[in-house]
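Q: Could you guide me through reading this structure, feature by feature? I should like the general idea each time, followed by the case at hand.

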Amino acid sequence: MLGLKLLTDPRWANIAESNLEEILTDHAWCEQKAATNAITIIAYNSEHEDLVTALTDIAIEEMEHFKMVHEIIKQRGYTLGRERKDDYVNQLFKFMKKDGSRNDAFIDRLLFAAMIEARSCERFRVLSDNIKDEELAVFYRDLMISEAGHYTTFLKFAKKYTEKVDVDQRWKEWLDFEGQLIQNYGKQETVHG
Ligand SMILES: [Fe+2]
Ligand SMILES: [Fe+2]
């Protein structure tokens, strides 16, 4: 799925379902971070009109997702907890190239975003396929489709705007790194936990 090297053990969905308040809180903040990331990319690369247009749509969509998750939290009488640290994303952030040319950093930032979208999409599929809660199963199926679209958009712009980076090769490196990294996760009730 999406080139991912390692698929999530479906038992992770049972862990997630055992603490819905926690996974929903973590999920809400994932959406906020995705919106923030899209806005940051816009701010640093404003000369690309089509990218600004597409990423504005993504930022809005991510905040719509945040709102949807928050509505579910409220309906169920849960409380939106404080923002959770996302160790998985922090490790990916460390892998992202920040040196080199401005274009090198830009392309790797797009691949960083695509990587998170790809894994989030896969995690939503696992939740949707395995969770017993029917409302959430449908909810996560819809989100899975949306995040797959985001993944495609980030990769498309990386290929369009690269100057020297071989995007196919670099994307392979991302997939290999992520395939190793994700082996440490799958045990917690967070989207990337
Ligand atoms: Fe989202
Ligand atoms: Fe997304």
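A: A search of the whole structure, which is a predicted model, finds zero disulfides.

Q: How far is the sulfur of Cys30 from the closest cysteine sulfur?
A: The criterion for a disulfide is a pair of cysteine sulfur atoms within 2.5 Å. The closest cysteine sulfur to that of Cys30 belongs to Cys121 and is 14 Å away, which is too far for a bond. Cys121, likewise, is in no disulfide, its nearest cysteine sulfur being that of Cys30.

Q: Are Cys30 and Cys121 buried or exposed?
A: A residue is called buried when its relative accessible area is under 20%. Cys30 is buried, with a value of 13%, and Cys121 counts as buried at 2%.

Q: Let us turn to the metals. Which residues coordinate the iron ion (ligand 1)?
A: One begins with the donor atoms and their distances. The iron ion (ligand 1) is coordinated by Glu31 (OE), Glu62 (OE), His65 (ND1) and Glu147 (OE), at 2.0 to 2.2 Å. Along the chain, these donors follow the spacing E-x30-E-x2-H-x81-E.

Q: What is the arrangement of the donor atoms around the iron ion (ligand 1)?
A: The angles subtended by the donors decide this. For four donors to count as tetrahedral, all angles must lie between 85 and 135 degrees. Here the four donor atoms subtend angles of 86 to 138 degrees, which makes the arrangement irregular. As water is not among the atoms, a site may look incomplete.

Q: Where do Glu31 and His65 lie?
A: Glu31 is in helix H2 and His65 in helix H3 (residues 49–75); with their positions 34 residues apart, the pair links distant parts of the chain. Glu31 is buried, with a relative accessible area of 2%, and His65 is buried at 5%.

Q: What are the protein donors of the iron ion (ligand 2)?
A: The same reading of atoms and distances applies. The donors are Glu62 (OE), Glu117 (OE), Glu117 (OE), Glu147 (OE) and His150 (ND1), lying 1.9 to 2.5 Å from the iron ion (ligand 2). Glu117 is thus listed with two OE donors. The spacing of the donors along the chain is E-x54-E-x29-E-x2-H.

Q: Which residue bridges the iron ion (ligand 2) and the iron ion (ligand 1)?
A: Glu62 bridges the two ions, which lie 3.6 Å apart. Glu62 lies in helix H3 and His150 in helix H6 (residues 134–161), so the pair ties together parts that are 88 residues apart in sequence. Glu62 counts as buried at 1% relative accessibility, as does His150 at 3%.

Q: How many aromatic pairs does the structure hold?
A: A pair of aromatic rings is described by the distance of the centres and the angle of the planes. The structure holds eleven aromatic pairs. One of them joins Tyr88 and Tyr185 in an edge-to-face arrangement, 5.8 Å centre to centre and with 85 degrees between the planes. Tyr88 lies in helix H4 (residues 87–95) and Tyr185 in the segment after helix H7 (167–181), so this pair ties together parts that are 97 residues apart in sequence. Tyr88 is buried at 0%, and Tyr185 counts as buried at 15%.

Q: Why is the pair of Phe95 and Trp174 edge-to-face?
A: Planes over 60 degrees apart count as edge-to-face. The planes of Phe95 and Trp174 stand at 85 degrees, with ring centres 4.8 Å apart, so the pair is edge-to-face. Phe95 lies in helix H4 and Trp174 in helix H7, so parts 79 residues apart in sequence are tied together. Phe95 counts as partly exposed at 22% relative accessibility, whereas Trp174 is buried at 0%.

Q: Which residues form one aromatic cluster?
A: The cluster consists of Phe93, Phe95, Phe112, Trp174 and Phe177. Above the face of Phe93 lies Lys98, at 4.9 Å from the ring centre. A similar reading applies elsewhere: Lys156 lies over the face of Phe157, at 4.7 Å from the ring centre.

Q: Is Tyr44 buried or exposed?
A: A residue is exposed when its relative accessible area is over 50%. At 61%, Tyr44 counts as exposed; its place is in helix H2 (residues 20–44). Gln75, in helix H3, is exposed as well, with a relative accessible area of 58%.

Key:
Residues are numbered from 1 along each chain as its sequence is written. Chains are lettered from A and ligands numbered from 1 in the order in which they are written. This is a predicted model: local features need pLDDT of at least 70, side-chain atom pairs count only at pLDDT 80 or more; totals for chains, interfaces and linings use all residues. Side-chain values use heavy atoms; hydrogens and water are left out. Helices (H or I, at least four residues) and strands (E, at least two) are DSSP runs, numbered from the N terminus. Buried means under 20% relative accessible area, exposed over 50%, partly exposed in between (1.4 Å probe, protein chains only). Rings of Phe, Tyr and Trp (its six-membered ring) pair if their centres lie within 6.5 Å; planes under 30 degrees apart count as stacked, over 60 as edge-to-face and the rest as tilted. A charge sits over a ring if NZ of Lys or CZ of Arg is within 6 Å of the ring centre and within 35 degrees of the ring normal. Donors are N, O and S atoms within 2.8 Å of the metal (3.2 Å for Na, K and Ca); water is not among the atoms, so sites may look incomplete. Four donors count as tetrahedral if all angles lie between 85 and 135 degrees; four count as square planar and six as octahedral if opposite donors are over 155 degrees apart and all others between 65 and 115; anything else is irregular.
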